[in-house]
Amino acid sequence: MNIFVCIKRVPDTSEAEVKVDANGKDVDSSKFSFDINDADNYAVEEAILIKEKVGGNVKVVSMGPKDGDVMIRMALAKGGDSAIRIEDPRINTVDPLQVAKVLAAAVKGQDFDLVLTGCMAEDDGNMAVGVALAETLGVPHAAMVKKVEVDEGKVKVYRELEGGLSEVVELALPAVLTIQTGINEPRYAPIRGIRMAQKKELKVLNLDDLGLAEDDVSEGSSLVELKNLYIPEVVSHAEIIEGEPEEKAEILADKLVKGGLL
Amino acid sequence: MDFTLSEEQKMLQESAREFALKEMLPTIREYEEERRVNHALTKKLGELGMLGIHLPERYGGSGYDYMSAVLVWEQLSYVSWTQTLTALGHGVLAGTVLNLGANESQKQKYLPPLCSGESIIAVGAVEPAAGSDAAAIETSARVDGDQWVINGSKNFITSGGLADTCLVLCQTDKNLGWRGIALIAVDTDTPGFSSHPISMVGDLAGDLSNLGFLDCRVPRENLIGEVGRGLHISLHGIDTARLFISAGALGITQSCLDASIEFARERSQFGKPIGSYQMIQDSIASLAAELMAIRWQVYYAAYLKSRDLPHAKELSAAKILASDLAVKASEEAIRIHGAHGCTDDYPPARHYRDSILMTILGGTREMHKLTIGRELLGLNARS
Ligand SMILES: Cc1cc2nc3c(=O)[nH]c(=O)nc-3n(C[C@H](O)[C@H](O)[C@H](O)COP(=O)(O)OP(=O)(O)OC[C@H]3O[C@@H](n4cnc5c(N)ncnc54)[C@H](O)[C@@H]3O)c2cc1C
């Protein structure tokens, strides 16, 4: 089974304050630490689990600058076989369709049975790249996958729906699955794996290597334009409820009910 | 001179940090309160290749240099030093001793299960009357047919009560002094072996035991190396252990510093975060300044040791400075946290308990000063 797994390096915004940069189109990421996107980490684990079960090959694909190499090699240390990093300033990373085109170009023309992505990137939250990638490759897809069972020429997947519902679908291979967090328990990179990962192939490709024209994937040809980023103003409406505890509770309950919160 | 970490070293750091935060942090309090050893954790450290991080790959180790090992140990100790002490006595001390002193078949026998965490091995050198003066040991080993007969006792042995095997430093002939000292492997199910747990101020989630040997009979082939080499082999192991202890002290200091910064930003008194007061900033800045300097001293010692270059005074300096700094950092951090710092709701309290131990095992401050003094003056205070 030839498996591709697409991973993205995202900032951890939980520790540092988020600030919009001077031109209003990006956040100032100088204070952030970066790591693999959470859902992608599960996708890597799922790819390796499938490989361990049915045999095959796991190829890691990521788009971004060299700073992402540690993350990529970490996926190799856990059991990935080789990797491709796509780096080209001409790529418009704001448009998920264009990102999907780039990733598709890296997969196309190679033997693949499964492409796994995370179901969502924590930074832009589009939940679109995986699905668009399937479309671009012309193969079926399933999104928000919580369980995967690989069979001869097909794959059975369990998808998470609202309200605790699950849906089971069967797809013909090749297919794209976007993986939901919690599907497995991602392993730690064993330190011998870290050593081995240094020797595994990590190819760096640009648009020309992928056979893509700038026009296919640049900002100019995108149907999506990022206008600006801003931090919503924080407004607070506080109301102090006076009275005896019973009265206060009654007034509060009344307000909650009227406000549709209860 | 290159001060940057390689991609591989960054990965080791990241992997160890993630492991410590996810596997050690959530359970450390429970294990400390119940004074239990987390055996599953030791196994996991083995599975990930951390127990034998510096040991050769052909014996199940990970084959990394000391610099890489230091980076990993820093991250593990950042969360809990007591949980790394088992790995230190076993993987680092016993592992080094066996790798240097054991013959091929002994290595094949002991090292793979040591690296995987399947069996635990302790090293017993110190005795009631022989601490810093290790050559003064009295535990005796005499030959009887094809067996060694061992009598005596050992004190403060890391994981002594958990071990499957103990490498015991024995005197084979009092008249020979250090030339009579031998290291002998004693399986702990040997009749006559006993262990007695001791309670220390720290290391609450580890095991420290006193050991007794009463006519313990073991095969003669359990001799590790030769008679006369026992002290040398053990001291080599302790040399490696003290580097890992120094790394652990860096981890503790970094944790105390990070916790203090976070607390000082969040805790407000007199209408302002306490971190805005200059006296608190002074504490934090001073700790940070010392940590920056001492970290490089530890890395330098690791660099020298990895290249097999002379490093006695450099490592002694690193050990004194780093372990003293860990004590100071945990104390300062508790002060910055106020009464909160005296509880186990915050990291400094457990680091406070553990850091003081670091100043003693792997050689006391005084012993290391004698080492540095001997190197500089060419005069040995101890002979
Ligand atoms: C947590 C922990 C784990 C340990 N694990 C092990 C283990 O696994 N195996 C093992 O064999 N041992 C172990 N030990 C024991 C450790 O190696 C000894 O405690 C250490 O070597 C010091 O010996 P001592 O405690 O007997 O102190 P002593 O040697 O009695 O020293 C007492 C004091 O006198 C000072 N002193 C001694 N001689 C001189 C001198 N010539 N000049 C100036 N000052 C001097 C010392 O510096 C110290 O301050 C462990 C100890 C601890 C705390």
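Let's start with helix α2 of chain A, which runs over residues 69–78 and is mostly covered: 10 of its 10 residues are buried. Keep in mind as you look that this is a predicted model. The buried residues of α2(A) include hydrophobic names you might expect to scan for, such as V70(A), I72(A) and L76(A), but D69(A), R73(A) and K78(A) are on the list of buried residues too. Step just past the end of α2(A) and you meet G79(A), whose phi is positive, at about 145 degrees.

That brings us to backbone angles. Most residues other than glycine have a negative phi, and most peptide bonds are trans. With that in mind, a few spots in this model are worth a look.

Take M144(A), which has a positive phi near 55 degrees although it is a residue other than glycine. You'll find M144(A) in strand β7 of chain A, residues 141–151. Its relative accessible area is 21%, so M144(A) counts as partly exposed, given that buried means under 20%.

Now hop over to chain B and look for F270(B). Here again is a positive phi, about 55 degrees, in a residue that is not a glycine. F270(B) belongs to a loop, the one between β9 (268–269) and β10 (272–273) of chain B. Is F270(B) buried or exposed? It is exposed, because its relative accessible area is 80% and the cut-off for exposed is over 50%.

Back in chain A, there is a peptide bond to check as well. L173(A) and P174(A) are joined by a cis peptide bond, with omega at about 0 degrees. To find P174(A), go to the loop that links β9 (166–172) and β10 (175–179) of chain A.

Next, the surface. Where does negative charge gather? One patch on the surface brings together E244(A), E246(A), E247(A) and E250(A). Of these, E250(A) sits in helix α8 of chain A, which covers residues 245–258. With 62% relative accessibility, E250(A) is over the 50% cut-off and therefore counts as exposed.

Finally, zoom out to chain B as a whole. It contains 10 helices and 10 strands. Along the principal axes, the C-alpha atoms of chain B fill a box of roughly 80 × 50 × 40 Å. What radius of gyration would a compact globule of 383 residues have? The expected value is near 21 Å, and chain B has 21 Å, so the two agree. As for cover, 56% of the 383 residues of chain B count as buried.

Note on methods: Residues are numbered from 1 along each chain as its sequence is written. Chains are lettered from A and ligands numbered from 1 in the order in which they are written. This is a predicted model: local features need pLDDT of at least 70, side-chain atom pairs count only at pLDDT 80 or more; totals for chains, interfaces and linings use all residues. Side-chain values use heavy atoms; hydrogens and water are left out. Patches are made of residues with over 30% relative accessible area and no salt bridge: like charges are joined within 9 Å, nonpolar side chains (Val, Leu, Ile, Met, Phe, Trp, Tyr) within 5 Å. Accessible areas come from the Shrake-Rupley method with a 1.4 Å probe; for residues, only the protein chains shown count as cover. A salt bridge is a side-chain nitrogen of Lys or Arg within 4 Å of a carboxyl oxygen of Asp or Glu. Lys and Arg count as positive and Asp and Glu as negative; His and the chain ends are not counted. The place of a charge is taken as NZ of Lys, CZ of Arg, CG of Asp or CD of Glu. Helices (H or I, at least four residues) and strands (E, at least two) are DSSP runs, numbered from the N terminus. Buried means under 20% relative accessible area, exposed over 50%, partly exposed in between (1.4 Å probe, protein chains only). The radius of gyration is taken over C-alpha atoms; the globule rule is 2.2 Å times the number of residues to the power 0.38.
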